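Follow one strand through its sheet, from its neighbours to its turn. Keep the model open as you read.

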Amino acid sequence: LRLVILRSTVLPKKQAAAVLDGYEEGQIGRDAAPAGSETPRIRLKEMEVSKYHANVYWDSERRQWAVVDMGSKHGTFLRSSSSSFASSSLAGPEERGIRLSPPRVASMPKALHHLDQLSIGGTTFLVHLHEDGLPCADCALHERAEVPLFAVPKKRKREESSVPVNEPGLQPKQQHDPRKALSSLKRSLLHRHDDSTSSSRFSTPSAPYVDRSARRRALHATSASETPGVMPPPLQKAASAAQSAVVDPNPNPLPEPVSAPPTPLSSSNIGHKLLMKQGWQPGTSLGQAESEGTALIEPLQVAISKNRAGLGMAAVEGQSTPNETGVDWRDTARRRRFEDLR
């Protein structure tokens with residue numbers, strides 16, 4: 001028994017027929033055969049085919065091949081070779097033949113004859129039964145492949161595809177392996193990256209890397225805190241060593257700050273113009289009337305405080321800031337708080 005493919009929407013065109021020679025039973029379905037099963041199965045991967053759609057078997061009592069629908073939803077169709085539609089090109093339900101059973105109902109066995117057409121889903125098989133057991137020109141496999149009847153593991157497929165062809169004049173076909181292609185791509189990219197890194201002008205001995213920012217900080221540093229980890233230039237280092245070794249017994253005191261003498265505002269000054277618009281005249285006082293004694297004619301003098309640090313300096317050094325009388329203001333505040341509690 002050989003089932004030649006007339007038309008199919010799922011099987012490859014290179015597959016010509018399903019050879020059931022030597023088997024007493026064959027299955028047709030959407031799913032693959034269970035692991036370890038010795039019964040061949042023609043797998044049609046489409047939704048119109050049930051998981052276990054139909055069964056073709058050898059009836060030893062009647063000495064004939066038969067087909068049984070296993071209760072599929074979309075049915076199994078058989079068109080006999082003796083039918084009037086055998087050589088017609090009609091389209092429609094009559095072209096597929098007779099349905100063996102209603103939906104989801106198993107059918108009775110139906111005998112198969114030579115050149116019958118068996119339709120399941122989008123695939124139509126042509127039945128070839130030869131009494132002499134020899135294939136004809138239509139069912140013989142010359143250059144096309146056979147429909148696989150058993151699930152082949154992926155590892156076995158790769159091993160079979162890697163076997164070279166021994167026929168003379170025929171070159172073995174190179175199979176595409178995605179994993180090998182990805183690994184070779186990674187190696188080529190890494191090799192290219194190593195080459196570009198090694199050929200960089202910064203890594204060659206003739207042109208060593210120069211830290212320009214560190215050199216700039218060393219040449220134009222204002223303080224040691226602004227250039228951490230950078231050694232000072234030799235001149236500055238020698239000068240600092242000399243200053244630490246020689247101590248001046250009479251250091252020159254710093255000059256006291258002197259403010260600039262007060263000068264009247266020019267007529268182009270914006271403040272002078274605003275005062276003139278408000279009625280002020282040069283030489284007159286600012287503020288209230290001169291009779292009350294609060295009018296100001298001379299500018300305010302800036303009083304410079306000596307021997308005093310800013311706010312918070314005493315707290316940083318771990319000392320308290322005493323007031324003019326020598327009493328710490330913190331102690332005064334504590335005493336006042338205790339008196340309030342009493």
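This model is predicted. Begin with strand 7, residues 77-79, which is joined to strand 10 by three bridges. The two strands run antiparallel. One contact to locate is F77, whose bridge partner in strand 10 is S119.

Now step to the other neighbour. Strand 10 spans residues 117-120 and strand 11 spans residues 123-128. Four bridges hold this pair together, again in antiparallel fashion. Q117 has L126 of strand 11 as its bridge partner. Further along, I120 stands opposite T123 in strand 11.

Between these two strands lies a hairpin with two residues in the connection. Look there at G121, which takes a positive phi near 65 degrees.

Next, consider the side chains. In a regular strand they alternate between the two faces of the sheet. Are the residues of strand 10 buried or exposed on each face? Q117 and S119 lie on one side, and both are buried. L118 and I120 lie on the other, and they are buried too. Both faces of strand 10 are therefore covered, with buried meaning under 20% relative accessible area.

Finally, zoom out to the whole sheet. Seven strands form an open sheet in the order 8-7-10-11-1-2-12. The pairing is mixed. Strand 8 (98-99) is an edge strand, and so is strand 12 (145-146). Each of them pairs on one side only. Strand 10 sits between strand 7 and strand 11 in that order.

How values were computed
Residues numbered from 1 in each chain as written. Predicted model: local features only at pLDDT ≥ 70, side-chain atom pairs only at ≥ 80, totals over all residues. Heavy atoms only, no water. Pairing = 2+ DSSP bridges. Buried < 20%, exposed > 50% of the residue type's maximum accessible area, 1.4 Å probe, protein only.
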